[in-house]
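I opened this notebook to record what I looked up about helix packing, one buried side chain and one pocket. The entries follow the order in which I checked them.

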Amino acid sequence: SIRLHRGCSHREAWKESVELLDTLRIPHAAQRARSYPHELSGGMRQRVVIAMALANQPDLLIADEPTTALDVTVQRAVMDLLQDRIKTSQTALLFISHDLALVSEICENVMVMRHGEIVESGRTCDVLNHPNHDYTKNLLACLPSPDRAPVAKVDSPELFQMKGVIRQFRPLRGGWFAPATAPFLALKSVGLTIPKGSAFGIVGESGSGKSTLARILCGLLEPSEGQVSYLNRTLGDWMRDPRAYRSQVQIVFQDPASSLNPRMTIRSILQEPLRLLANQTNPKEQEARMQELLEQTGLPNDALDRHPHEFSGGQAQRIGIARALAASPKVLVLDEAVSALDVSIQAQILELLRKLREDHAITLVFISHDLSVVRELCTHVAVLRHGEVVEYGHAEKIFLHPQTAYTKELLTAAPRLKRSDKVNETNKA
């Protein structure tokens, strides 16, 4: 696109592309520039799309949820880059987001939409500090708050225990004469315990090993070395009867589009775990339970006879949550399960998770890059970096008294709702 629109040579366009990827904090940018999209993580693909949009210095940049899949440090770098481009090249930014804290930091003006109508608009500081419409007030009330942070139970028994867990991935060979490539270490000697009945948060940058850790806990991946135990039994022992383990430990995947079978209706997607894992075979009981799951996750009543492609990304994510809950598990692993949801639906799901933990003693393993959500929901937190646990313990201690420079960097980079007009003054300057 750079060569087409700006008449650059191939070498000039290549150099600028690599520099742009590097600016967006894609590691080994020159190497990654030769990769195909399926070889990149979701966060990396999102940054490539942003690079494509910025490459030709447009007059108007329309950014539709551009940072949803990004961790806080990369999100900060991306937003700094966008703001810098706005100042230096006179590019106008139309920023579409459900993250009100991020909107308050970068936008001069804001429009609040509901059901296809603009219900309120004006200067960002005025709308967010003095909202007039009830819907705007509700959105602000739904923002995560540390005031709702749970209290960790003392002396809870151990549910999961990980000792010296290593997970490496061997790259596929490109042919007989392709050079040998070293295995990629996703997890490096991870050791931690997850208390029973806790809400255990796992945070870290993209590529830190969060999803790999989640898949090992769910028995979807085996550790290359080390040991994982659940209720004092090793996962290897549990996986002799996978169905018994699946009925107790369920996962909500990060990407609902690839985790829901497009050929199945939502009714079939929910019936499967009800029948196979929860042993509910009575059609009337199944129907009642499915309607309950739809209500709990905020899905429409007519959703059962529709297919996944008929729903938005946020609705598809809620279907994934409903499917996991259908098995009535004792452990729910959520891999970025609320990142695609707007703040009102997110608040509804967080309240549901709180009730499940308090009323049914379900243990939550919550993976997220949204530190404000982790602060509100989790009793314990582990911080991962490059496959290693750099810090973990009670959530209150981690957030109020972080011990490592990396944890402090994550907390500093997290967006916060601004209550002043500093954004306007900065952009005008």
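Before judging any pair of helices, I noted the cut-off I would apply: an angle under 35 degrees between axes counts as roughly parallel, and one over 145 as roughly antiparallel. I also kept in mind that this is a predicted model.

Entry one, H4 and H5. I looked up helix H4 (residues 42–54) against H5 and found that their axes come within 12 Å and cross at roughly 5°. Since that angle falls under 35 degrees, I entered H4 and H5 as roughly parallel to each other. I then listed the residues that meet, which are Arg47, Ile50 and Leu54 on the H4 side and Val74, Val78, Leu81, Leu82 and Arg85 on the H5 side. Sorted by class, this contact has six nonpolar residues, two charged and no polar ones.

Entry two, Gln83. Staying with helix H5, which spans residues 72–89, I turned to Gln83. Is Gln83 buried or exposed? I found a relative accessible area of 18%, and because buried means under 20%, I recorded Gln83 as buried. Leaving aside residues up to four places away in sequence, Gln83 touches Glu105 and Ile106.

Entry three, H19. Next I asked which residues of helix H19 (residues 405–413) are buried, and noted Tyr406, Thr407, Leu410, Leu411 and Ala413. These buried residues pack against H5 once again, and also against the helices H17 (371–377) and H18 (395–400) and the strands S7 (199–204), S13 (380–385) and S14 (388–394).

Entry four, H13 and H15. I repeated the axis check for helix H13 (residues 266–276) and helix H15 (residues 313–326), whose axes come within 7 Å and cross at roughly 25°. That angle makes H13 roughly parallel to H15. From H13, the residues Ile266, Ile269, Leu270, Pro273 and Leu274 meet Ile319, Ala322, Arg323 and Ala326 from H15. In this contact I counted eight nonpolar residues, one charged and no polar ones.

Entry five, a pocket. Finally I looked up the second largest pocket, for which I noted a volume of about 1,200 Å³. Of the 40 residues that line this pocket, the closest to its centre are Phe95, Ile96, Ser97, Val103 and Met111. What classes make up the lining of the second largest pocket? I recorded 24 nonpolar, 10 polar and six charged residues.

Conventions
Residues numbered from 1 in each chain as written. Predicted model: local features only at pLDDT ≥ 70, side-chain atom pairs only at ≥ 80, totals over all residues. Heavy atoms only, no water. 1 Å grid on protein atoms, 1.4 Å probe; cavity = no way out; pocket = protein on both sides within 12 Å on 5 of 7 lines; lining within 4 Å. Points joined across faces, edges and corners; volume = space filled by probe spheres on them. Nonpolar A, V, L, I, M, F, W, Y, C, P; charged D, E, K, R; others polar. Buried < 20%, exposed > 50% of the residue type's maximum accessible area, 1.4 Å probe, protein only. Contact = heavy atoms within 4.5 Å. Axes fitted to C-alpha atoms, helices over the stretch in contact; angles between N-to-C directions. Parallel < 35°, antiparallel > 145°, perpendicular 65-115°, else oblique.
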